[in-house]
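Visitor: I should like to learn how to read individual features in a structural model. Please take me through a few of them in turn.

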Amino acid sequence: MKNIAKKSLAFCFIGLITVLTIANLKVALRCLLETPDHRSFSKLIHATHTKYVQQFKGKNTFIELNGAYARLLGQRVYNKIARLNNGMLARLDTWNLDKELPEAAAKIAHTKAEAEKLGSRLLYINLPDKPDRHSELLPTGTQRTTNQDSDLLLEMLAQRHIDTLDMRSVINERPEDLARYFYATDHHWNARGALKAAPLIVKKIDGILGTPERDLGLLEETRWTLHTRNAWWLGSEGRRVGRYYGGLDTLLWYEPRFETSFSVAIPAKNNLRKGAYADTFLERKWIDQRHDFYQTCAYVVYLGGDHPLVKCWNPQATSSKRLLIIKDSFVNAIAGFLALCYREVDLIDLRHFKDCSALEYIRRTRPDLVMIMLNPSSRRSILLKLSESETPLAETATTPVAAMETLTLPPEKKKTCHFRALNAPLENGATYVLNVNAVEVNAGETAGISLGIYDPCAKKCFTRALYDLDYIRAKGGLTYEFSTPKSGHWQLIFYSGIAGKTQHIGVTYRGITLEKRQQQP
């Protein structure tokens, strides 16, 4: 009977494949015809296949039925995804020991040396990876080398006298830890894992910076309420095999049982969030509404996903220390917990951050501590970008370019991006320092203001800066250091509020000075 059932299932599955193949014949021909010419036949086929997979009709249905079939047959590995002994999923690409680890270690050491010249310390934090640290949950005959890579990298950093913290010992040391601190169908840790790690990281930071021992009671789990949405989403590993192979995931997030007040600026999105933890570090739409399992990822509930730059300000923090975190997506879930403890926390993701090099950003912002927090899945791509460009400029003299006592933008009824350019053309490939003594709102209401580096010919911004007005008042003004691209026509522009939200808002900028920084010989 079992053989008959299996054969019947196989025939049904083959029939479904046949139907889907016929339905997608036109798609295949169109992809072949639309694919640009390539020098080799193999590259042409690869490009056609990639486009075909993207446009395949019924692709998600096919994935789910194929995953269900693999599950019925008891396959422990399907489409490079392993079903672990506890039912969780883990990606199983062909992993080889990372040959670029020595180069990565050298880049971290170089960053440390340059940061210390500027008065900043450096800490490397090794974030955990699925599966468990000793691979006890992997199916027989499978392996991943990411833990071996981490061991080697940490050893290289220790030889270079670099401060490190290995989070694997508390997050995925034992098989039972994995189910508690990681998502089942995704490669990320969950909110429990992030909250578990936070006080340990804060203690390490305080030790490096010489901060007096303090009460970390706000990071105790009892001070937070855990919320869940059961069977709510499908993670990156689950989307490769379908919901019937590994199931759906439960979304987890915490909200504090005490009052909080943050300011979180995301310049690339023209987004300034002010208020409690839940309003600034959580994206509510992923909590309030279930989204498409295959087109979205509910892990972006934390901070709204990856951004080039995020600036967090907590005027209530007990420590005035300033942190710069060079991050991947794992940090999104822990950023709010760390921001509870430090006045200013900047997050940059080098996969998306294009304004300047990491070293240059360190020079401009002078954080007390540079933290590199990475998971093995993204470690290589980020570390190799860590010091791609030149050594950061030493402090050099500046020459005046322009000065204005006031620059006033009257309110406009319809303009969502109402701005005015400073009457001083910018040179290509140059670095400038803007100082503004004060910003006043004359009409309407806005919590912040935007600045931009704008090309009037192409009518587009190269980059924007976003400032909280309360932050400007607390600092007694603002300083914005920026570099222009090596080609184009650029202006420094001032918005009457936040870009995209300037209707009915009037703003006056007072005490404006713009200086050009001299290039290092």
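Guide: We may begin with a salt bridge, here a side-chain nitrogen of Lys or Arg within 4 Å of a carboxyl oxygen of Asp or Glu. The side chains of Arg144 and Asp129 form such a pair, at 3.0 Å from N to O. Arg144 and Asp129 both lie in the loop between β4 (121-126) and α6, so the salt bridge ties together parts that are 15 residues apart in sequence. The model is a predicted one, in which local features need pLDDT of at least 70 and side-chain atom pairs count only at pLDDT 80 or more, while totals for chains, interfaces and linings use all residues. Residues are numbered from 1 along each chain as its sequence is written, and side-chain values use heavy atoms, with hydrogens and water left out.

Visitor: How many salt bridges does the structure hold?

Guide: The structure holds 35 salt bridges.

Visitor: Which peptide bond is cis, and where does Pro131 lie?

Guide: Most residues other than glycine have a negative phi, and most peptide bonds are trans. The bond from Lys130 to Pro131 is cis, with omega near 0°. Pro131 is located in the loop between β4 and α6. As for phi, Asn270 has a positive value, near 50°, and is a residue other than glycine. Asn270 belongs to the loop between β8 (262-266) and β9 (271-275).

Visitor: How should the packing of two helices be read, and at what angle do the axes of α5 and α6 cross?

Guide: Two packed helices are described by the angle between their axes and the distance between the axes. Helices (H or I, at least four residues) and strands (E, at least two) are DSSP runs, numbered from the N terminus. Axes are lines fitted to C-alpha atoms, for helices over the stretch in contact, and angles run from 0 to 180 degrees between N-to-C directions. For helix α5 (residues 101-117) and helix α6 (residues 146-159), the axes come within 10 Å and cross at roughly 40°. The two helices α5 and α6 are therefore oblique to each other; angles under 35 degrees count as roughly parallel, over 145 as roughly antiparallel, 65 to 115 as roughly perpendicular and the rest as oblique. The contact (heavy atoms within 4.5 Å) involves Leu101, Pro102, Ala105 and Ile108 of α5, with Asp149, Leu152, Leu153, Met156 and Leu157 of α6. By class, the contact of α5 with α6 has 8 nonpolar residues, no polar ones and 1 charged residue. In this classification, Ala, Val, Leu, Ile, Met, Phe, Trp, Tyr, Cys and Pro count as nonpolar, Asp, Glu, Lys and Arg as charged, and the others, Gly among them, as polar.

Visitor: At what angle do the axes of α6 and α16 cross?

Guide: The axes of α6 and helix α16 (residues 376-383) come within 10 Å and cross at roughly 50°. This makes α6 oblique to α16. Thr146, Asp149, Ser150 and Leu153 of α6 meet Pro376, Arg379 and Leu383 of α16. By class, the contact of α6 with α16 has 3 nonpolar, 2 polar and 2 charged residues.

Visitor: Let us turn to sheets. In what order do the strands of the 4-stranded open sheet stand?

Guide: Strands of a sheet pair through backbone hydrogen bonds, either parallel or antiparallel. Two strands pair if DSSP finds at least two bridges between them. Here 4 strands form an open sheet in the order β14-β21-β16-β19, with antiparallel pairing. Its edge strands, β14 (398-409) and β19 (478-483), each pair on one side only. Neighbouring strands of this sheet are turned by 20° against each other on average, direction ignored. Helix α15 (residues 358-365) packs on the sheet and touches β16, β19 and β21 (506-517); the direction of α15 makes about 155° with that of β19.

Visitor: Over how many bridges do β16 and β19 pair?

Guide: Strand β16 (residues 431-443) pairs with β19 over 6 bridges, in the antiparallel sense. Val436 stands opposite Leu478 in β19.
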